[in-house]
Amino acid sequence: MPIHHFTLIVDGTDLQENAVIDALFEAGCDDATVGRTDGIQYLDFDREAATRAEAIRSAVTDVERVDGVHVVRIATAEPRPAVT
């Protein structure tokens, strides 16, 4: 299955707290990198799934399993160019 790259913008609980990072990992977000820029929290995903829609849908479900964390926007990225 292909790996899909996308970013979920989230609101709520501070994602920088170790307990929240652990909860995200336990919820199935072990394929995400947590970040924050100018007060905006996000998770960058590299998720394996049959389709991009399936990858995003499963990531949103996993993120929202964590109390106090809500996805507010999906920022999909263009496919990464091949290195030559």
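Biologist: What share of the accessible surface of the protein belongs to carbon and sulfur atoms?
Modeller: In this predicted model, carbon and sulfur atoms hold 50% of an accessible surface of about 5300 Å².

Biologist: Which elements make up the secondary structure of the protein, and how do they run from the N terminus?
Modeller: There are 2 helices and 4 strands, in the order β-α-β-β-α-β.

Biologist: What makes the protein as compact as a globular protein of that length?
Modeller: The globule rule gives 12 Å for 84 residues, and the radius of gyration is 13 Å, which is close to that value; therefore the protein is as compact as a globular protein of that length. Its C-alpha trace spans about 40 × 25 × 20 Å along the principal axes.

Biologist: Why is Ile-3 called partly exposed?
Modeller: Partly exposed lies between the limits of 20% and 50% relative accessible area. Ile-3 has 49% relative accessibility, so it counts as partly exposed.

Biologist: Where is Ile-3 placed, and which residues does Ile-3 touch, not counting those up to four places away in sequence?
Modeller: Ile-3 belongs to strand E1, residues 3–12. With that exclusion, Ile-3 touches Asp-46, Arg-47 and Glu-48. The C-alpha atom of Ile-3 is separated by 14 Å from that of Asp-30, 27 residues apart along the chain.

Biologist: What percentage of the contacts with a separation of 6 or more comes from residues 24 or more positions apart?
Modeller: Such residues account for 68% of those contacts.

Biologist: How many residues count as buried, as a percentage of the 84?
Modeller: The buried share is 32%, where buried means under 20% relative accessible area.

Definitions and conventions. Residues are numbered from 1 along each chain as its sequence is written. This is a predicted model: local features need pLDDT of at least 70, side-chain atom pairs count only at pLDDT 80 or more; totals for chains, interfaces and linings use all residues. Side-chain values use heavy atoms; hydrogens and water are left out. The radius of gyration is taken over C-alpha atoms; the globule rule is 2.2 Å times the number of residues to the power 0.38. Buried means under 20% relative accessible area, exposed over 50%, partly exposed in between (1.4 Å probe, protein chains only). Contact means heavy atoms within 4.5 Å. Accessible areas come from the Shrake-Rupley method with a 1.4 Å probe; for residues, only the protein chains shown count as cover.
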